[in-house]
Amino acid sequence: MIGAQKPDSGKIIYRRAEIADSSDIREILKYYIDNTFASWRYQVMDRSVFESWIVNHKTPQRPFWVAEFENRIIGYSCLSDFRNGEGYWPCAEDSVYVRPEFNGQGIGRKLMELIIQDGQTSGLKAIIAGIDADNDSSIRFHKHYGFYECGLLKNIGWKDQRWLSLVFMQLDLK
């Protein structure tokens, strides 16, 4: 990992994700898959699946944002389906990831604000966060925006030879 970079915040562009961003976004997600429990995936989705994932986030209730600095994606956020089934449409699950060398500079906060605003204007009732129970920084991050803990599923995930527990947090938009 490279040492923390401090870009001039005025030079960071926040915009909707495009298919052309998929390589950079996949690279960010791959870091978190390989090095943390922020994602319980074992491997990043292949390119075609990932590109379809971006396309599926082109609706007001399922936005996908990126932070770009010097023509490189340094973070992203999106709202995804919370669960399968039409009845869950009023809720979405959030994802916010920033390249580790850019953490702590407000990029994740701006990306979260963008998806919360989109969720509010699109008529969503709630945003749900599923967070590894040991990820105190993500839990604090979500609490900052008004998310509250609403459930704990103990030892339901398996990664890197250990059981993982999942905290659910909820932000009511209406």
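Okay, let's start with R162, which is partly exposed because its relative accessibility is 31%. Keep in mind that this is a predicted model. So who is R162's partner? R162 pairs with D134 in a salt bridge, and their closest N and O atoms sit 2.8 Å apart. D134 lies in the loop between β5 and α4, while R162 belongs to strand β7, so this salt bridge ties together parts that are 28 residues apart in sequence. Is D134 buried or exposed? With 55% relative accessibility, D134 counts as exposed, because the cut-off for that is over 50%.

If salt bridges are new to you, here's the basic idea. Side chains of opposite charge can pair when their charged atoms come close. How many salt bridges do we get here? The count comes to twelve, and I'll go through a few of them.

Next one: E27 and R99. Their closest N and O atoms are 2.7 Å apart, and they form a salt bridge. This pair also links distant parts of the chain, with E27 in helix α1 and R99 in the loop between β4 and α3, 72 residues apart. Now look at the accessibility of each partner. R99 is buried, since its relative accessible area is 4% and buried means under 20%. E27, on the other hand, has 43% relative accessibility, so E27 is partly exposed.

Then there's R15 with D21. Their salt bridge has closest N and O atoms 2.8 Å apart. R15 counts as partly exposed, at 24% relative accessibility, whereas D21 is buried, at 6%. And the story doesn't stop with two residues: R15, D21 and E68 are linked in a network of salt bridges.

Okay, E27 brought us to helix α1, so let's stay there. Helix α1 runs over residues 22-35, which is 14 residues. What span should we expect from that? At 1.5 Å a residue, α1 should span 20 Å, and its end C-alpha atoms are indeed 20 Å apart, so the two agree.

Which residues of α1 are buried? They are S22, I25, R26, I28, L29, Y32 and I33. Going around the axis, these residues cover an arc of only 160°, which means they are on the same side of α1. And what covers them? The cover includes the helix α2, along with the strands β2, β3, β4 and β6.

If you turn the structure on your screen, try finding that side of α1 for yourself, starting from I25 and L29, two of its buried residues.

Terms used:
Residues are numbered from 1 along each chain as its sequence is written. This is a predicted model: local features need pLDDT of at least 70, side-chain atom pairs count only at pLDDT 80 or more; totals for chains, interfaces and linings use all residues. Side-chain values use heavy atoms; hydrogens and water are left out. Helices (H or I, at least four residues) and strands (E, at least two) are DSSP runs, numbered from the N terminus. The expected span of a helix is 1.5 Å times one less than its number of residues. Buried means under 20% relative accessible area, exposed over 50%, partly exposed in between (1.4 Å probe, protein chains only). The arc is that of the directions from the helix axis to the C-beta atoms. Contact means heavy atoms within 4.5 Å. A salt bridge is a side-chain nitrogen of Lys or Arg within 4 Å of a carboxyl oxygen of Asp or Glu.
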